Amino acid sequence: MKVRTLIKILLLIAGSLCVLSTIVQNPTIELYAKPMTVPLFFMLYWFNVEKVDVLFIVVLSLCFLGDIFLLTGIENGFRYVLLSYTLCYFILFYFLYKNHKPIDYNTTDIIYISIFFVVWTIIAYVIYLVTNENMGDIRPFGIVYIIILYALLIGAVFQYINIRSPKSLWFVIAVLNFVISDSCFALDRFYVPSLELKIINAIYQLLAVFFLVKFKISSSDPLKIKNIES
């Protein structure tokens, strides 16, 4: 059996255990399974690249720390969770900048971007409205967190529509998964506690890191039709 295949199997097992622990509401399973996922994602990344990107390792490390702070339940642990993922998202802005290409939108692109911008702004604002009052003393951190994630998804979508490369596609999917995961977590914690939201959060958080790895090992060649035709 190839090492990459073994890693994927172990990831599937660990991820399934994390989701199962949420479904059966048994945090003990997650306590042992969740810390295994990010190291396995690192191994998947490591065995698919010739040279490891140190900054990307920092991103994975921050995701790992966020999981640990949340699982251990230490004092002020949730603040550390917010800090870990806020730093993680800040670094992802660097990858946006690094993969930037000159803007090349056509009329259809502008229409898609406009629709997305309006819809995403409304969604982000509604999430803020329903969670704001219950944030308590972490409200300033929560607001900054929402703004950063809001801007990151906008940047990711704008870049994908501009480039349409495999790398930009996996990046926007990864960020979208982070958005879904974090939104469900916030709604469950600060609005209406729900097992369904917890399950969605558990699934999409794992998918977000998986697609980040896909982003780092994929091609950056543009796939716009006019680029192919030329």
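Q: Is D188 buried or exposed in this predicted model?
A: Let's start with the number: D188 has a relative accessibility of 12%. Anything under 20% counts as buried. So D188 is buried.

Q: And what about K198, the salt-bridge partner of D188: which exposure class does K198 fall into?
A: D188 and K198 form a salt bridge, with their closest N and O atoms 2.8 Å apart. K198 has a relative accessible area of 35%. Buried means under 20% and exposed means over 50%, so K198 counts as partly exposed.

Q: How many residues apart in sequence are the parts that D188 and K198 tie together?
A: Check where each one sits: D188 is in helix α7 (residues 166–190), while K198 is in helix α8. The pair therefore ties together parts whose separation in sequence is 10 residues.

Q: K216 in helix α8 has a salt bridge too, so how far apart in sequence are the parts that K216 and D53 tie together?
A: The side chains of K216 and D53 meet at 2.8 Å, N to O, and both residues are buried. K216 belongs to helix α8 (residues 195–217), whereas D53 is in the loop between α2 and α3. So the parts they tie together are separated in sequence by 163 residues.

Q: How do helices α1 and α2 run relative to each other?
A: Helix α1 (residues 3–23) and helix α2 (residues 27–46) have axes that come within 8 Å and cross at roughly 150°. Angles over 145 degrees count as roughly antiparallel. Therefore α1 and α2 are roughly antiparallel.

Note on methods. Residues numbered from 1 in each chain as written. Predicted model: local features only at pLDDT ≥ 70, side-chain atom pairs only at ≥ 80, totals over all residues. Heavy atoms only, no water. Axes fitted to C-alpha atoms, helices over the stretch in contact; angles between N-to-C directions. Helix = DSSP H or I, 4+ residues; strand = E, 2+ residues; numbered from the N terminus. Parallel < 35°, antiparallel > 145°, perpendicular 65-115°, else oblique. Salt bridge = Lys/Arg side-chain N within 4 Å of Asp/Glu carboxyl O. Buried < 20%, exposed > 50% of the residue type's maximum accessible area, 1.4 Å probe, protein only.
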